[in-house]
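Me: I'm new to reading protein structures, and I'd like a close look at a single part of this one. Could you walk me through it and then show me how that part sits in the rest of the chain?

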Amino acid sequence: MSEHLKFSVEDDIATILLDRPERMNAFTFEMIAAWTEALQQCRTDPAVKVVVVTGAGSAFCSGGDIVEMGDRLAQQPAQRKAELFEKVQRIPLTLEDLDKPVIAALNGVATGAGLDLALMCDMRYAARSARFAETYMKVGLVPGAGGAHFLPRLVGTAKALEMFFTGDFVDAEEALRIGMVNKVFDDDRLMEDVMGIARRIARAPELPIRFIKRAIYQGMRNDLRTNLDLISSHYAVVTSTDEHKAAVHRFITARDKT
């Protein structure tokens, strides 16, 4: 994929590794392009049932490369807007089209757009030593990658504003308390435990997993009647599959034996 982004698929699980540890995995446009390409491949590859994103070294991702930003200070607003939409914002838009589970394994520090890219994932699991901050104010920026959309939906408006306005760090336990991460694991257990969760999901019936993800995200934008209509269509399709019928027969057979 890229010198600084590694992509692999094994046992139905795709792993995207941000691999620029000497810069705390700060992303370049080349990495963003590779990241988007990897997600698009996950979307169409039947061998992929779950996606795990993590970082190399002591950080998950420290956001955009500030040195690259310095090289673009002379650009006009129209150029910067187009650049953001055509590059960085490709990731949340691609994730929106991906109806397979995406898990962020937060192995270390995640700041600014690096944190926001984790917030776009479906679930987040953190190493106990990990820390998180929305650091845009420190460089006079707004959260262009999508953090203003994702963070308040996870932690509430007031907490999101506090994080954006102050740039203060939140440790893993506080992130768990406010709902920003699902669980916290010991540092040396993070990847083992996250991959265990990924394997459980990969072994689950694939169609219900994908339909549930669609129903959750689409449901956040719809009214009750629309959501019920949507899920009834999913229900009708799922109950017609051989996988569902076999599962029902197994349940009945196991019950009759007790």
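**A close look at Asp19**

Reply: Let's start with how open Asp19 is to its surroundings: its relative accessibility is 22%, so it counts as partly exposed. The cut-off that matters here is 20%, because a residue is called buried under that value and exposed over 50%. Please keep in mind that you are looking at a predicted model.

Where along the chain is Asp19? It lies in the loop between strand S2, residues 13-18, and helix H1. Now look at what surrounds Asp19. Leaving out residues up to four places away in sequence, Asp19 touches Glu3, His4, Leu5, Lys6, Asn25 and Ala56. Leu5 deserves a second glance: Leu5 and Asp19 are 14 residues apart along the chain, yet their C-alpha atoms are separated by 5.2 Å.

Another name on that contact list, Asn25, makes a good next stop. Asn25 also has its place in the loop between S2 and H1. Its relative accessibility is 0%, so Asn25 counts as buried, whereas Asp19 is partly exposed. The backbone of Asn25 is worth a look too: phi is near 60°, a positive value in a residue other than glycine.

A positive phi turns up at Asp12 as well, with a value of about 70°, although Asp12 is not a glycine either. You can find Asp12 in the loop between strand S1, residues 5-10, and S2. With 29% relative accessibility, Asp12 counts as partly exposed.

Next, follow the chain into H1, which covers residues 29-44. What does this helix do for the interior? The largest nonpolar core has 50 residues, and Ile16, Trp35, Val51, Phe132 and Met180 are the ones that touch the most other members. H1 gives the most to this core, with seven residues. Apart from this core lies another one, of 16 residues, including Val50, Met123, Val194 and Ile197.

Met180 shows what such a crowded spot looks like. Setting aside neighbours within four places in sequence, Met180 is in contact with Leu115, Leu119, Arg124, Phe132, Leu151, Val155, Met163 and Ala175. Phe132 appears here again, having been named with Met180 among the residues that touch the most other core members.

For one more stop, try Thr94 in helix H4, residues 90-96. Its relative accessibility is 9%, so Thr94 counts as buried. Beyond neighbours within four places in sequence, Thr94 is in contact with Thr36, Leu39 and Gln40.

Finally, zoom out to the whole chain. Its secondary structure comes to 12 helices and 10 strands. The C-alpha trace spans about 70 × 45 × 35 Å along its principal axes. A compact globule of 258 residues would have a radius of gyration near 18 Å, and the chain has 20 Å, which agrees. Of those 258 residues, 43% count as buried.

Contacts across the sequence can be put in numbers too: among contacts between residues at least 6 apart in sequence, 70% join residues at least 24 apart. As for the outside, the chain exposes about 13,700 Å², and carbon and sulfur atoms supply 56% of that area. The chain has 32 positive and 36 negative side chains, with the centres of the two sets 5 Å apart.

Conventions:
Residues are numbered from 1 along each chain as its sequence is written. This is a predicted model: local features need pLDDT of at least 70, side-chain atom pairs count only at pLDDT 80 or more; totals for chains, interfaces and linings use all residues. Side-chain values use heavy atoms; hydrogens and water are left out. Helices (H or I, at least four residues) and strands (E, at least two) are DSSP runs, numbered from the N terminus. The radius of gyration is taken over C-alpha atoms; the globule rule is 2.2 Å times the number of residues to the power 0.38. Buried means under 20% relative accessible area, exposed over 50%, partly exposed in between (1.4 Å probe, protein chains only). Contact means heavy atoms within 4.5 Å. Accessible areas come from the Shrake-Rupley method with a 1.4 Å probe; for residues, only the protein chains shown count as cover. Lys and Arg count as positive and Asp and Glu as negative; His and the chain ends are not counted. The place of a charge is taken as NZ of Lys, CZ of Arg, CG of Asp or CD of Glu. A nonpolar core is a set of buried Ala, Val, Leu, Ile, Met, Phe, Trp, Tyr and Cys residues joined through side-chain atoms within 4.5 Å.
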